[in-house]
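Reader: I'm new to looking at proteins. Could you walk me through the charged side chains in this one?

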Amino acid sequence: MNWQQIIPFIICFILVVLCVVVWSKKNQAVKDQYDERQEMLRKNAYKYSAMTMLFCSLAYYIVTALVDKPFAQDGVSVLLIALAGVAVFAIYSIFNDAFFGVKAKRSGAGRPVVYIILVAFITVMNGIGAIRMIRENELVKDGLLTTNVMNLALTILFLLILIAFAVKYIMNTLEERRADE
């Protein structure tokens with residue numbers, strides 16, 4: 001893919017991001033609020049996320065130093081470690097009811113259902129890209145993970161988030177049934 005093919009996608013992406021930012025600034029209903037308990041749990045999630053990234057970075061450094069060979073192209077390991085941190089934050093927040101704020105039941109684009117549909121869409125789109133990269137044998141070149149592994153990594157990340165939503169929903173449903181009995 002050359003720059004003439006990439007530039008239109010970059011411009012479209014920037015325009016979409018700008019539209020979303022402008023819309024969210026005008027629409028105060030999109031902003032979520034968290035109670036004190038949720039704020040404390042989110043701080044814990046950030047802490048666990050940072051510690052995960054620190055330990056993964058340290059482990060990657062030690063392993064590559066011992067083997068004296070990197071496992072990924074420049075920057076790929078950093079992005080994968082960052083995604084591990086995002087996964088820890090999201091999953092911890094979901095299971096502790098701190099992912100969505102106290103206004104989570106409201107209508108509009110801030111509803112959890114809309115968010116879950118968006119996450120499912122992102123999962124499918126990245127999954128399609130990952131399948132293409134796997135078929136074209138583009139994930140590993142010269143024994144190193146390439147940046148093409150990011151579609152697969154993002155698919156796994158968002159799939160884990162979807163699974164966490166589903167498990168939490170089932171847990172909440174079972175808890176409500178027990179409370180009704």
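**Charged pairs and a charged patch**

Author: Sure, and keep in mind that this is a predicted model. Let's begin with one pair: E136 and R132 join their side chains in a salt bridge, at 3.4 Å from N to O.

Reader: Is E136 buried, partly exposed or exposed?

Author: Look at how much of the residue is accessible: for E136 the relative value is 40%. Buried would need under 20% and exposed over 50%. So E136 is partly exposed.

Reader: How many salt bridges does the structure hold?

Author: Side chains of opposite charge can pair when their charged atoms come close. Besides the pair above, E138 bridges to K141, with the closest N and O atoms 3.7 Å apart. D97 also pairs with K168, at 3.5 Å between the closest N and O atoms. The number of salt bridges in the structure is three.

Reader: How many residues apart in sequence are D97 and K168?

Author: D97 and K168 form a salt bridge. D97 sits in the loop between α3 (76–95) and α4 (112–135), while K168 belongs to helix α5, so their pairing ties together parts that are separated in sequence by 71 residues.

Reader: And is K168 buried or exposed?

Author: Its partner D97 is partly exposed, at 38% relative accessible area. K168 has a relative accessibility of 10%, and anything under 20% falls in one class. So K168 counts as buried.

Reader: Which residues gather in the patch of negative charge on the surface?

Author: One of them is E176, found in helix α5 (residues 150–180). E176 is exposed, at 53% relative accessible area. The patch is made up of E175, E176, D180 and E181.

Definitions and conventions: Residues are numbered from 1 along each chain as its sequence is written. This is a predicted model: local features need pLDDT of at least 70, side-chain atom pairs count only at pLDDT 80 or more; totals for chains, interfaces and linings use all residues. Side-chain values use heavy atoms; hydrogens and water are left out. Patches are made of residues with over 30% relative accessible area and no salt bridge: like charges are joined within 9 Å, nonpolar side chains (Val, Leu, Ile, Met, Phe, Trp, Tyr) within 5 Å. Accessible areas come from the Shrake-Rupley method with a 1.4 Å probe; for residues, only the protein chains shown count as cover. A salt bridge is a side-chain nitrogen of Lys or Arg within 4 Å of a carboxyl oxygen of Asp or Glu. Lys and Arg count as positive and Asp and Glu as negative; His and the chain ends are not counted. The place of a charge is taken as NZ of Lys, CZ of Arg, CG of Asp or CD of Glu. Helices (H or I, at least four residues) and strands (E, at least two) are DSSP runs, numbered from the N terminus. Buried means under 20% relative accessible area, exposed over 50%, partly exposed in between (1.4 Å probe, protein chains only).
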